[in-house]
Amino acid sequence: MKYPHLELFYYNECFFCQKVLGQLDTLNIKVDFKNIYEDQNNMDRLFSETGRRTTPCLFIDGKPMFESEDIIEWLKNNINDLEKT
């Protein structure tokens, strides 16, 4: 089975990012984490691909999704099709 590639652009001090991070931990979903303040390349990529610096942003097979509640809903709705840790 081919799982979608998930990348979460976030930073630790962001309340909305923490909501998504908590849900990822609860659901045991495998994600590539991209902290935008620990690596300038992550910030640059987020901005170049979306025109925004808004977090959290979940890239699903290269397509960005913003808004923590939308991300959490998508994760829950697709849990059976996502790679686990």
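This briefing walks through the sheet, the helices and three single residues of the structure above. The model is predicted. Its 4 strands form an open sheet with mixed pairing, in the order β2-β1-β3-β4. Helices α2 and α3 both make contact with strands of this sheet. Helices α1 and α3 also meet each other.

**The sheet**

- Strands of a sheet pair through backbone hydrogen bonds, either parallel or antiparallel.
- Strand β1 covers residues 6–10, and strand β2 covers residues 32–35. These two strands run parallel and share 4 bridges.
- Within that pair, Tyr 10 sits opposite Asn 35 of β2.
- Strand β3 (residues 57–60) pairs with β4 in the antiparallel sense, also over 4 bridges.
- Phe 59 has Pro 64 in β4 as its bridge partner.
- Which strands lie at the edges of the sheet? They are β2 and β4 (63–66), and each of them pairs on one side only.
- From one strand to the next, the twist averages 25 degrees.

**The β-α-β unit**

- Helix α1 spans residues 15–27.
- Together, β1, α1 and β2 build a β-α-β unit, and the unit is right-handed.

**Helices on the sheet**

- Helix α2 (40–50) follows β2, with a loop between them.
- α2 lies across β1, β2, β3 and β4. The helix runs at about 70 degrees to β3.
- Helix α3, residues 68–77, packs on the sheet as well. The strands touched by α3 are β1, β3 and β4. Its direction makes about 115 degrees with that of β4.

**Where α1 meets α3**

- How do the two helices run relative to each other? Their axes cross at roughly 10 degrees. An angle under 35 degrees counts as roughly parallel, so α1 and α3 are roughly parallel to each other.
- The two axes come within 9 Å.
- On the α1 side, the contact is made by Phe 16, Lys 19, Val 20, Gln 23, Leu 24 and Leu 27.
- On the α3 side, the residues are Ser 68, Glu 69, Ile 71, Ile 72, Leu 75 and Lys 76.
- By type, the residues of this contact divide into 7 nonpolar, 2 polar and 3 charged.

**Ser 68, in the helix contact**

- Ser 68 belongs to helix α3.
- Is Ser 68 buried or exposed? Its relative accessibility is 5%. Buried means under 20%, so Ser 68 counts as buried.
- Leaving out residues up to four places away in sequence, Ser 68 touches Phe 16, Lys 19, Val 20 and Pro 56.

**Glu 7, in the sheet**

- Glu 7 lies in strand β1.
- Glu 7 is buried too, because its relative accessibility is 6%.
- Which residues touch Glu 7, not counting those up to four places away in sequence? They are Val 31, Asp 32, Lys 34, Arg 45, Cys 57, Leu 58 and Phe 59.
- Gly 62 is 55 residues from Glu 7 in sequence. In space, the two are 8.2 Å apart, C-alpha to C-alpha.

**Glu 38, in a loop**

- Glu 38 is placed in the loop between β2 and α2.
- Glu 38 has a relative accessible area of 64%. Exposed means over 50%, so Glu 38 is exposed.
- Along the chain, Glu 38 and Tyr 10 are 28 residues apart. Their C-alpha atoms are separated by 9.9 Å.

Technical notes. Residues are numbered from 1 along each chain as its sequence is written. This is a predicted model: local features need pLDDT of at least 70, side-chain atom pairs count only at pLDDT 80 or more; totals for chains, interfaces and linings use all residues. Side-chain values use heavy atoms; hydrogens and water are left out. Two strands pair if DSSP finds at least two bridges between them. A crossover is right-handed if, with the strands pointing away from the viewer, the path from the first strand over the helix to the second runs clockwise. Buried means under 20% relative accessible area, exposed over 50%, partly exposed in between (1.4 Å probe, protein chains only). Axes are lines fitted to C-alpha atoms, for helices over the stretch in contact, and angles run from 0 to 180 degrees between N-to-C directions. Contact means heavy atoms within 4.5 Å. Angles under 35 degrees count as roughly parallel, over 145 as roughly antiparallel, 65 to 115 as roughly perpendicular and the rest as oblique. Ala, Val, Leu, Ile, Met, Phe, Trp, Tyr, Cys and Pro count as nonpolar, Asp, Glu, Lys and Arg as charged, and the others, Gly among them, as polar.
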